[in-house]
Amino acid sequence: MPFALLKYALSREHPDDPHFRWKPELNKTYDVVIIGAGGHGLAAAYYLARDHGIKNVAVLEKSWLAGGNTARNTTIVRANYLTPEGVAFYKESVELFRTLSNELDINVMYSERGHFTLAHTDAAMRTARWRAEVNKHLGVNSEVIDAAEVKRICPTMNVTDEARYPILGALYHPPGAIARHDAVAWGYAKEAMKRGVEVHTQTEVKKILIEGGRVKGVETNRGVVHANKVVQAVAGSSSHVARMAGLKLPIKTIPLQACVSEPVKPILDQIVVSGSLHVYISQSARGEMVMGGATDPYGLYSTRSTLDFKESLMGHMLELFPFMGELRILRQWAGKADMTPDFSPVMGLTPIENYYIDAGWGTWGFKATPVSGKRMAECIATGRQPDLLKPFALSRFSTFDLVGEKGAASVGH
Amino acid sequence: MKILRCPLNGPRNISEFVWGGEMKPMPDPATASDAEWTEYLFLEDNIAGEITEWWLHAPTNYWFVARRNTITDEIIETMTYDQFLASHKKDAAVPAGDAEAAAKPVTGGTQTGASSA
């Protein structure tokens, strides 16, 4: 074995392909330029190449591959939303996630854990019932369960009456899952690049070129790049990039903080969320408790962490899981979340011809990575808004036809 | 905890306040078009940098104006709405005499904001 390993190391012909096929030069012209090499942009590039034969695509990234909100989310995947529009959309994403490891030939560690949305009030029980019925109607597995059933499935949870906000029941969503977020983005990048898509990091878009209401390309720190179609997929900087194209978005940038504990042996199998207490928690494959809460109380373009957030998070967390008192916090971080007034994304066509938008991903972006990539690719290739994306069009704000997705993470009911 | 200086109540914990979002002029309800309402209700400048925005001190239900840097999270100044209007007029090159009487923004160390115009 050691000899074989040594031989392999010294061999000039490694059997494995390089993970990413980088191409250093930036062309003058592409069919499609995608701004932002996060999960969504890379997924759109992959599906453009796989499903629509559009391979002359460049994904331009200001910093490095998947270093923004793709690396900052808490990796939860679920479809138990409230509105029929939202449920249908996220359901397709869950279905794509299930086969993603095979599809992308990379282990995204998709792990179905079961997802609780706890209810501490009659109003929250009512919302849980509402969500369960909408979910079941659309073929998504969700059920309202009582506190005793919560305890049976998740024995470590404190469901006694002694808590400040006792648990009355929960919306239980067995397909709720976690996945390895970096691998999802890397997998899409790898497979897209294998099909001819170019990914250029350290390439910042400075200007969007528009002539007569039609996009012509972008100006970058590495020169002008012409393109038939341009897509923006830049969570956290959506308003900034859209402004370059002369668009004003219904987005407020608000930090969403999260943290993880030191790793421990498996103790918590499920994903537990409480909208009323503004906390959510799951245990990663590495053993860390991954925790988050509500978005910050005011808008900010910063990824700083605050003590206020952790105090409020831990106060409630210790009541839900008293054993957490033994754990120490290992890391803390924040992401810049694009919050929309109806807790739904802004996707598809814009008033500018051949300019497409994928924004407004607030606290619900990672779980939508595959479906957003697939449907944005369809939208870009056909120039038409796919049915699944029609409710999420930018134009809904001018027609006062908002979605009202109160099943989004970090949203109280 | 971060401290926000309320023109009425002085320096208080920021948890007592509710963010009201960026300031924008409300269109005239009698004449506004759908496009104007869309712009006013939903569309945001969402600027990274210095902004002027509404804040509410919830316990006293008191609305006021703050200038804040959304990159550094630094509150530059807070002022009453009257003070904001006055300083706004000054920016628009209105004769200085009118504006200065009312414009006493609350900044830094000393608390002067309670004397609302």
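This report describes salt bridges in a predicted model.

Over all chains, the structure holds 33 salt bridges. Three pairs from chain A are listed below, each with its N to O distance.

| Pair | N to O distance |
|---|---|
| A:Arg375 and A:Glu92 | 2.8 Å |
| A:Arg396 and A:Asp342 | 2.7 Å |
| A:Asp387 and A:Lys390 | 2.9 Å |

The salt bridge between the side chains of A:Arg375 and A:Glu92 has an N to O distance of 2.8 Å. This pair links distant parts of the chain, with the two positions 283 residues apart in numbering. A:Arg375 belongs to helix H10 (residues 369-382) of chain A, and A:Glu92 to helix H3 (residues 84-98) of chain A. Both A:Arg375 and A:Glu92 are buried.

A:Arg396 and A:Asp342 also meet through their side chains in a salt bridge, at 2.7 Å from N to O. A:Arg396 lies in the segment after H10 of chain A, while A:Asp342 sits in the loop between strand S17 (329-339) and strand S18 (346-349) of chain A, so the pair ties together parts that are 54 residues apart in sequence. A:Arg396 is buried, as is A:Asp342.

A:Asp387 forms a salt bridge with A:Lys390, and their closest N and O atoms are 2.9 Å apart. A:Asp387 has a relative accessible area of 61%, and because the cut-off for exposed is over 50%, A:Asp387 counts as exposed.

Salt bridges with shared partners also form one network, joining A:Asp296 and A:Arg304 with B:Lys2, B:Glu53, B:Arg68 and B:Asp73.

Note on methods. Residues are numbered from 1 along each chain as its sequence is written. Chains are lettered from A and ligands numbered from 1 in the order in which they are written. This is a predicted model: local features need pLDDT of at least 70, side-chain atom pairs count only at pLDDT 80 or more; totals for chains, interfaces and linings use all residues. Side-chain values use heavy atoms; hydrogens and water are left out. A salt bridge is a side-chain nitrogen of Lys or Arg within 4 Å of a carboxyl oxygen of Asp or Glu. Helices (H or I, at least four residues) and strands (E, at least two) are DSSP runs, numbered from the N terminus. Buried means under 20% relative accessible area, exposed over 50%, partly exposed in between (1.4 Å probe, protein chains only).
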